[in-house]
Amino acid sequence: MEKLFDIFAKSYALSPEKDPEFFSYVGYLYCTDEVQSMRQYPQHSTCNRLDHIRAVTYMSYILSKKFGCNVKAASRGAILHDLVYYDWHDPDWSHRPHGFRHPKFAAANARLLCPDLTKKEERIILRHMWPLTILPPSSREGIIVTFSDKYCASKEMKLSKDEKKKKEFEKKLQQINSSMNK
Ligand SMILES: [Fe+2]
Ligand SMILES: [Fe+2]
């Protein structure tokens with residue numbers, strides 16, 4: 001299996017032409033105005049929420065395939081896990097404390113966007129902030145999304161703060177792009 005960092009970097013170079021299987025699971029949701037609107041919100045330092053969501057979803061897709069899990073549930077849960085329509089940095093108590101409350105907001109928004117959301121997908125969203133929130137993931141797919149969320153968030157924060165790491169990431173992305181264009 002590819003290294004986790006390579007999977008994270010590849011999430012910045014995905015396209016429906018080159019990654020049709022990935023987009024067959026989440027392409028429709030990814031293209032909705034609701035998910036695309038995530039681009040306007042900062043997530044971790046300089047990373048926007050759409051980049052974060054795409055990275056978590058791609059990592060969840062790869063890991064759930066690798067471990068023989070329900071790829072569709074993991075990918076759909078991941079792409080909807082942070083679907084909240086506000087900048088969590090705003091000092092607005094209607095959505096604070098964000099860390100504890102946003103899984104419920106995201107699940108409600110996911111149900112509206114996706115009437116066929118399954119119970120498993122809903123629980124993936126509701127429990128992705130564990131152990132900050134009390135209830136742990138209830139499925140292997142939930143564990144994968146919770147792990148991928150934390151891995152990607154830590155990389156996003158490091159890349160925003162560390163010039164050396166950012167250069168390593170850009171080099172890796174160039175390698176990925178040139179190998180895909182061969
Ligand atoms: Fe979250
Ligand atoms: Fe997240």
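**View 1. The packing of α5 against α8 in the predicted model**. In this predicted model, the axes of α5 and α8 lie 9 Å apart and the two helices pack at an angle of about 40°. Angles from 35 to 65 degrees fall outside the parallel and perpendicular classes, and α5 and α8 are therefore oblique to each other. Their crossing is right-handed. On the α5 side the contact is made by Ala-73, Ala-74, Gly-77 and Ala-78, and on the α8 side by Glu-141, Ile-144, Val-145 and Ser-148.

**View 2. The surroundings of α5**. Helix α5, which spans residues 71-79, is mostly covered, since eight of its nine residues are buried. The buried residues are Val-71, Ala-73, Ala-74, Ser-75, Arg-76, Gly-77, Ala-78 and Ile-79, so that a charged residue, Arg-76, is listed here as buried under the criterion of 20 or more other C-beta atoms within 10 Å. The elements that cover these buried residues include α2, α3 (33-36), α4, α7 and α8.

**View 3. The crossing of α4 and α8**. Two packed helices are described by the angle between their axes and the distance between the axes. For α4 and α8, the axes come within 8 Å and cross at roughly 135°, and these helices are therefore oblique to each other. The crossing in which α4 passes α8 is right-handed. From α4, the residues that take part are His-52, Ala-55, Val-56, Met-59, Ser-60, Leu-63 and Ser-64, and they meet Glu-141, Ile-144, Val-145, Ser-148, Asp-149, Tyr-151, Cys-152 and Glu-156 in α8.

**View 4. The largest nonpolar core**. This core comprises 34 residues, and those with the most contacts inside it are Val-56, Tyr-58, Met-59, Tyr-61, Ala-74, Ala-106 and Ile-125. Two or more residues each are given to the core by α1 (4-10), α2 (20-31), α4 (49-66), α5 (71-79), α6 (98-113), α7 (119-126) and α8 (140-161). The element that gives the most is α4, with eight residues. When residues up to four places away in sequence are not counted, Tyr-61 touches Phe-22, Tyr-25, Val-71, Ala-74 and Ser-75.

**View 5. Trp-88 and its contacts**. Trp-88 is found in the loop between α5 and α6, where the residue is partly exposed, with 18 other C-beta atoms within 10 Å. Leaving aside neighbours within four places in sequence, Trp-88 is in contact with three histidines, namely His-95, His-98 and His-102. Pro-42 is 46 residues away from Trp-88 in sequence, yet the C-alpha atoms of these two residues are 8.3 Å apart in space.

**View 6. The cis peptide bonds before Pro-97 and Pro-131**. Arg-96 and Pro-97 are joined by a cis peptide bond, with omega about -5°, and Pro-97 lies in the loop between α5 and α6. A cis peptide bond also joins Trp-130 and Pro-131, here with omega about 15°, and Pro-131 lies in the loop between α7 and α8.

**View 7. Lys-166 in α9**. Lys-166 belongs to helix α9, which covers residues 163-180. With 14 other C-beta atoms within 10 Å, Lys-166 is partly exposed. Lys-155 is 11 residues from Lys-166 in sequence, and the C-alpha atoms of the two lysines are 9.7 Å apart in space.

**View 8. The whole chain, as context for the close-up views**. The protein contains nine helices and two strands, and read along the sequence these elements follow the pattern α-α-α-β-β-α-α-α-α-α-α. Along its principal axes the C-alpha trace spans about 45 × 35 × 30 Å. A compact globule of 182 residues would have a radius of gyration near 16 Å, and the value of 16 Å for the protein agrees with this. Of the 182 residues, 35% count as buried. Among the contacts with a separation of 6 or more, 62% are accounted for by residues 24 or more positions apart.

Notes:
Residues are numbered from 1 along each chain as its sequence is written. Chains are lettered from A and ligands numbered from 1 in the order in which they are written. This is a predicted model: local features need pLDDT of at least 70, side-chain atom pairs count only at pLDDT 80 or more; totals for chains, interfaces and linings use all residues. A nonpolar core is a set of buried Ala, Val, Leu, Ile, Met, Phe, Trp, Tyr and Cys residues joined through C-beta atoms within 7 Å. A residue is buried if 20 or more other C-beta atoms lie within 10 Å of its own, exposed if 12 or fewer, and partly exposed in between; C-beta atoms are placed from the backbone. Helices (H or I, at least four residues) and strands (E, at least two) are DSSP runs, numbered from the N terminus. Two residues are in contact if their C-beta atoms, placed from the backbone, lie within 7 Å. The radius of gyration is taken over C-alpha atoms; the globule rule is 2.2 Å times the number of residues to the power 0.38. Axes are lines fitted to C-alpha atoms, for helices over the stretch in contact, and angles run from 0 to 180 degrees between N-to-C directions. Angles under 35 degrees count as roughly parallel, over 145 as roughly antiparallel, 65 to 115 as roughly perpendicular and the rest as oblique. A crossing is left-handed if the near helix is turned anticlockwise from the far one by less than a right angle, and right-handed if clockwise.
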